[in-house]
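User: Could you take a close look at one part of this model for me, the place where the two protein chains meet? I'd like a connected walk through it.

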2 protein chains.
Amino acid sequence: MNISDVAERTGLPAKTIRYYEEIGLVTPRRSANGYRVFAESDAHKLTFLARARNLGFSIEDCRNLLALWEDRSRASADVHRIAAQHLDDIDRRINDLAAMRDTLSDLVRKCSGDDRPDCPILADLAGS
Amino acid sequence: MNISDVAERTGLPAKTIRYYEEIGLVTPRRSANGYRVFAESDAHKLTFLARARNLGFSIEDCRNLLALWEDRSRASADVHRIAAQHLDDIDRRINDLAAMRDTLSDLVRKCSGDDRPDCPILADLAGS
DNA sequence: CCTTGACCTTCCTGTAACTGGAACCCTTAT
DNA sequence: ATAAGGGTTCCAGTTACAGGAAGGTCAAGG
């Protein structure tokens, strides 16, 4: 498989796949002309990576998850811990964003949004 | 005021304040020895920036909001539009994160997290 | 045989919003 | 004289790629 084939199969841009090779997440072989040649196992890894990234795991998390995936003797506790930490992180980010949204929607609602200069949003940001 | 004074007053790190000067958000005067000297108006701007950044506005949004704040003849509609767009953005991000959380908490719940290698999380990421 | 177009390659730069650190200057107190 | 605690500039690193330039490769068509 050439890079565009595996790009299509995984949904990852070719650029991203090259980047993943650069940082050591995949190591496709090379054909005589220098083109990358992806084996099935490479495609599976990249699919794994695409899904993990879609769930918001960082590249370093992905690296660790990939290592655990390839380790037949892994303990599921290790995977569980990484996922649970990421879940906490997501929850924190949701809470932060929800707090912003509450404040902001309040302000947006209070602001007339017409052509007058009076604006509660700016007043609040200025410390009223 | 020296930089550490205004840092304390605004809650922004000195590094961040220097950065804001570098990108033109504030322009404190300089004293003879080269130190930055912050006027009250500078401190107010920085407070404004700190609050806007806390609400998740991008630097470019902040730059625009600041310009509107300083423009006595602004239309509140301009502010309203920036804030409403940002609110939409926040909502999108919350939805994205919530989707991740739902999937992930499902997986975390299903994973025993013990020392056996069997792991539904990895199975799912692999495409089961 | 030559060209054209679609691939592929590497390398360099830029993104957002800072943070950390090195090397060095200024001021005040001991 | 020196030490502590400010301040300054400049450079590199962070995350996870994206865009683009310059150039090699391959298959089809005239």
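Analyst: Sure. Keep in mind that this is a predicted model. Between the two protein chains, 49 residues of chain B are in contact with 49 residues of chain A. On chain B, the elements that put two or more residues into the side touching chain A are helix H3 (40-54), helix H4 (59-70), helix H5 (76-110) and helix H6 (120-125). H5(B) gives the most to that side, with 21 residues. Sorted by class, the side of chain B that touches chain A holds 27 nonpolar, twelve polar and ten charged residues.

Now for the symmetry. A turn of 180° with a shift of 0.0 Å along the axis lays chain B on chain A with an RMSD of 0.1 Å. The two copies are thus related as by a two-fold rotation axis. Within chain B, Ile94(B) comes closest to that axis, its C-alpha being at 3.0 Å. The contacts fit in with this: 100% of the interface residues of chain B are also interface residues in chain A, so the copies meet through the same surface.

Both chains also turn up at the DNA. Of the 16 residues around DNA strand D, Asn33(A), Ser58(A), Ile59(A), Ser4(B) and Arg36(B) come nearest. Helix H2 (14-22) of chain A, helix H1 (3-10) of chain B and helix H2 (14-22) of chain B each supply at least two residues of the surface near this strand. H2(A) has the largest share there, three residues. By class, the surface near DNA strand D splits into six nonpolar, six polar and four charged residues.

Key. Residues numbered from 1 in each chain as written. Chains lettered and ligands numbered in written order. Predicted model: local features only at pLDDT ≥ 70, side-chain atom pairs only at ≥ 80, totals over all residues. Near = placed C-beta within 6 Å. Helix = DSSP H or I, 4+ residues; strand = E, 2+ residues; numbered from the N terminus. Nonpolar A, V, L, I, M, F, W, Y, C, P; charged D, E, K, R; others polar. Contact = placed C-beta atoms within 7 Å. Least-squares fit on C-alpha atoms with pLDDT ≥ 70 in both.
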